[in-house]
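Please open the structure in your viewer and keep the selection tool at hand. The stops below can be followed in order.

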Amino acid sequence: MSNYTSRINPVISVHHLNHYFGRGELRKQVLFDINLDIYPGEIVIMTGPSGSGKTTLLALVGGLRSAQEGSLTILGQEMCGASKRQLMQVRQKIGYIFQAHNLLTFLTAKQNVRMSLELHDRYLNRDIDRLATETLNAVGLGDRLNYYPENLSGGQKQRVAIARALASHPQIVLADEPTASLDKKSGRDVVEIMQRLAKEQGCTILLVTHDNRILDVADRIIQMEDGFLVEAAQDKFLTTSMQAGGGNRSLS
Ligand code: ADP
Ligand code: MG
């Protein structure tokens with residue numbers, strides 16, 4: 001694929017996507033006719049009330065759940081009806097960051113990041129120890145390489161999780177409420193690190209959050225309501241983020 005083509009093709013393309021949980025009488029539709037295109041390098045924030053379907057959509061985009069109905073194309077691969085092997089190949093190009101950092105408690109910071117690289121064939125012959133160290137340096141944890149998670153603060157653990165997600169230079173990063181368990185300053189630091197690394201690596205970010213204080217890092221904000229995706233009025237969010245004290249959006 002030429003650079004030109006890859007620049008204009010969306011990395012995430014969703015058309016008429018529906019999703020249901022349960023079977024028979026208990027079957028319940030949770031996503032309704034979702035349409036969404038996200039382009040290379042974009043940072044898109046998804047907001048919306050609890051239970052509106054954000055995590056479900058993120059899991060589908062990440063190939064962590066099988067798409068049932070409609071079309072969902074990730075990095076050129078149609079996920080609806082894809083084989084396990086095809087899903088796995090797509091998952092290898094995606095970095096995941098969750099609300100709970102999900103670090104392995106019996107591994108140090110560096111070992112946690114190393115492990116994510118060991119899962120990739122293309123890192124077999126690379127110096128993964130150096131790569132893990134460099135990525136932890138980039139998130140400001142160069143002096144905590146050999147610390148176990150229990151000896152790191154919440155913000156530090158989430159930064160290890162970011163290093164783990166970004167070390168392999170994924171084309172897409174999916175983050176589900178990554179700042180939910182952090183105080184204001186740590187939450188802000190964490191998204192700014194994500195933003196910086198993403199811009200450096202040219203990757204695309206789809207981030208779910210309730211946190212009004214970080215909305216200004218987005219290139220675009222979308223909103224989920226009762227299983228429907230509504231493109232948020234940017235003015236409304238500008239006002240919200242200014243009220244929350246993060247209002248430098250109008251300056252940029
Ligand atoms: P959000 O992340 O916006 O809070 P979710 O995607 O987690 O929303 O949930 C959307 C809806 O789907 C909710 O009504 C929730 O109860 C339901 N749901 C989520 N996961 C499951 C599941 N594994 N089985 C059945 N229903 C589910
Ligand atoms: Mg959720």
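**Stop one: ligand 1**

Select G53 together with ligand 1, where a backbone N or O atom of G53 lies 3.1 Å from an oxygen atom of the ligand. This is a predicted model, in which local features need pLDDT of at least 70 and side-chain atom pairs count only at pLDDT 80 or more, while totals for chains, interfaces and linings use all residues. Residues are numbered from 1 along each chain as its sequence is written, chains are lettered from A and ligands numbered from 1 in the order in which they are written, and side-chain values use heavy atoms, with hydrogens and water left out.

Add T55, whose side chain has an N or O atom 2.8 Å from an oxygen atom of ligand 1, and then T56, where the corresponding distance from a side-chain N or O atom to a ligand oxygen is 2.5 Å. The protein covers 61% of the 560 Å² of accessible area that ligand 1 has on its own (Shrake-Rupley method, 1.4 Å probe).

Widen the selection to the residues around the ligand, including F21, K28, V30 and R65 (a heavy atom within 4 Å). Helix 2 gives the largest share of this shell, 3 residues (helices are DSSP runs of H or I, at least four residues, and strands are runs of E, at least two, numbered from the N terminus).

**Stop two: the largest pocket**

Now select I94, Y96, S116, L119 and H120, which lie nearest the centre of the largest pocket among its 17 lining residues. On a 1 Å grid over the protein atoms alone, a pocket is an open set of points where a 1.4 Å probe fits, with protein on both sides within 12 Å along at least five of seven lines, and lining residues have an atom within 4 Å of a point.

Definitions and conventions. A polar contact is a pair of N or O atoms within 3.5 Å; within protein, one must be able to donate a hydrogen and the other to accept it, and residues adjacent in sequence count only if both atoms are side-chain atoms.
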